[in-house]
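User: I would like to learn how to read a model feature by feature. Where do we begin?

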Amino acid sequence: MSNNSTSNGFYESEECPYLEEVAWRDEFLLTEGTYNHLVAIISINSISVLPTVLLNALVIFAVATRGQLRNKATILLACLAGADLLTGLLGQPIRIAVEVERLRKTGTFCGALERVSILSLGWHIFATLSHLLLITVDRYIAIKKPLRYREIVTTRRVTVAVLLAWASTIVVAIQDSILAAINSDTNIYSVYWNVSVVTLNILGLISIIVIVAIYFYIFLEVRCQQRSQTEHLSVEEIATIRRNNRAAKTLGIILITLIVTYLPMIVSSIMYYSVNLQRPVLNCLASWVATLIMLSSLCNPVIYCWRMKKFRQAFLEILHLRNRENNQPQRAIEMQIIQPAH
């Protein structure tokens, strides 16, 4: 053990400004409880990584190759699947490697792998929230302005919105990359790092609040439309209401999954600044938070497959488990808006 260590086994003079208190240290005692936590985290990520990659790749391929699935709503879902696919290809394997290093006690203090792991997690959070915000706004317009939906939500506007979402994500990733590369112990770095973390946490919390608030309005509007179903409505108008209702429920399930997987991050951030926890506990807590957040990348395509019949059929056809129905007329999927009769 280093001469700088104290009696309780912590290096007081060795710090890691980028990872702060969650940096794994060689002197952490690998107790039975810590060992079990690390094994559980490695197992969960190892089991989920392949389905995450496969299912999200299927979503993207299905939207790209199936004309009946290609509309503005599903294009946004495919963009979200792209972010989830990158999480399966990069984020989860890096997380597995980090935890294996900790389990074997072979990792380097404040090493590059740990920094990249935190960087990929921040990128995933921002990409997911920005695309979910676009999907929620799209559903809001579809419910609120069904007659003007095609006029408002144009292909050009969707393209610009998606590019802005990815551009903002790249900006956040570049900023984090600079912070991770510099990793200075100066006061200026410390102030900038803390301001950056607080700002991103606030932006993330605001995004979640806005998404939930918009969905709450969508839910109320759908309920209102359901009560307005009378014999005076045309068949197409009733079909529109039913499809919007199902689309709203699907979005609601996605948002519930978002809250369940992201709530521990918010709670842990509050605990970090308000509760005096030991460093090994903070480290295990951070690993569980990261694992839960990345599991949302697996949950999203499972929800699409469960709630959307056309996605299920496309998946089975792509995997050659079902013959493609070339002769049947193409129908809109659940999230597509049907133009009501005038």
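Analyst: This is a predicted model. Start with a single charged residue. Arg-102 has a relative accessibility of 7%, so it counts as buried. Salt bridges that share partners join Arg-95, Glu-99, Arg-102 and Glu-114 into one network.

User: Which residue forms a salt bridge with Arg-102, and how far apart are the closest N and O atoms?

Analyst: First the general idea. Side chains of opposite charge can pair when their charged atoms come close. Now the case. The partner of Arg-102 is Glu-99, and the closest N and O atoms are 3.4 Å apart. The cut-off for a salt bridge is 4 Å, so the pair qualifies. Arg-102 and Glu-99 are three residues apart in helix α2, so about one helical turn separates them.

User: What other side chain meets that of Glu-99 in a salt bridge?

Analyst: Arg-95, at 2.7 Å from N to O. Glu-99 and Arg-95 also both lie in helix α2, four residues apart, about one turn of the helix.

User: Are Glu-99 and Arg-95 buried or exposed?

Analyst: The threshold for buried is under 20% relative accessible area. Glu-99 is at 0%, so it counts as buried. Arg-95 has 5% and is therefore buried too.

User: How many salt bridges does the structure hold?

Analyst: Six. One of them pairs the side chains of Glu-317 and Arg-66, at 3.4 Å from N to O. That pair links distant parts of the chain: Glu-317 is in helix α9, Arg-66 is in the loop between α1 and α2, and the two positions lie 251 residues apart in sequence separation. Glu-317 and Arg-66 are both buried.

User: How many residues of helix α9 are buried?

Analyst: To read a helix's setting, count its buried residues. Helix α9 covers residues 309–318, and seven of its 10 residues are buried, so the rest of the structure largely encloses it. The buried ones are Lys-310, Phe-311, Gln-313, Ala-314, Phe-315, Glu-317 and Ile-318.

User: What covers those buried residues of α9?

Analyst: The cover includes α1 (32–65), α2 (72–104) and α8. Take one residue as a probe of this. Gln-313 sits in helix α9. Its relative accessible area is 12%, so Gln-313 is buried. The C-alpha atoms of Gln-313 and Ala-62 are separated by 9.7 Å, yet these residues are 251 apart along the chain.

User: What follows α9?

Analyst: Check the backbone angle there. His-320 follows α9, and its phi is positive, near 60°.

User: How do I read α8? How far does it reach from its first C-alpha to its last?

Analyst: Compare the end-to-end reach with the expected span. Helix α8 (residues 279–307) has 29 residues and reaches 42 Å, close to the 42 Å expected at 1.5 Å a residue. Then check the axis for bends. α8 bends by about 25° at Leu-298. A proline, Pro-301, follows within four residues.

User: Which residues is Val-289 in contact with, leaving aside its neighbours within four places in sequence?

Analyst: Pro-264, Met-265 and Ser-268. Val-289 lies in helix α8. Its relative accessibility is 8%, so Val-289 counts as buried. From Val-289 to Ser-268, the C-alpha distance is 7.9 Å, with 21 residues of sequence separation.

User: Now the surface. Which residues form a nonpolar patch there?

Analyst: Look for nonpolar side chains that lie together on the surface. Here Ile-170, Ile-174, Ile-178 and Ile-182 form such a patch, with about 380 Å² of accessible area together. Ile-182 belongs to helix α5 (residues 155–182). With a relative accessibility of 52%, Ile-182 counts as exposed, because the cut-off is over 50%.

User: And the whole chain? How many helices and strands does it have?

Analyst: Nine helices and zero strands. Of its 342 residues, 46% count as buried. The chain exposes about 17,400 Å², and carbon and sulfur atoms supply 65% of that area.

User: What share of the contacts comes from residues 24 or more positions apart?

Analyst: Such residues account for 78% of the contacts in the chain with a separation of 6 or more. You have already met one distant link, the salt bridge between Glu-317 and Arg-66.

Technical notes:
Residues numbered from 1 in each chain as written. Predicted model: local features only at pLDDT ≥ 70, side-chain atom pairs only at ≥ 80, totals over all residues. Heavy atoms only, no water. Expected span 1.5 Å × (residues − 1). Bend = angle between axes of the 7 residues up to and from the residue. Buried < 20%, exposed > 50% of the residue type's maximum accessible area, 1.4 Å probe, protein only. Contact = heavy atoms within 4.5 Å. Areas by Shrake-Rupley, 256 points an atom, 1.4 Å probe, with all protein chains shown as cover. Patch = residues over 30% accessible without salt bridge, like charges linked within 9 Å, V, L, I, M, F, W, Y side chains within 5 Å.
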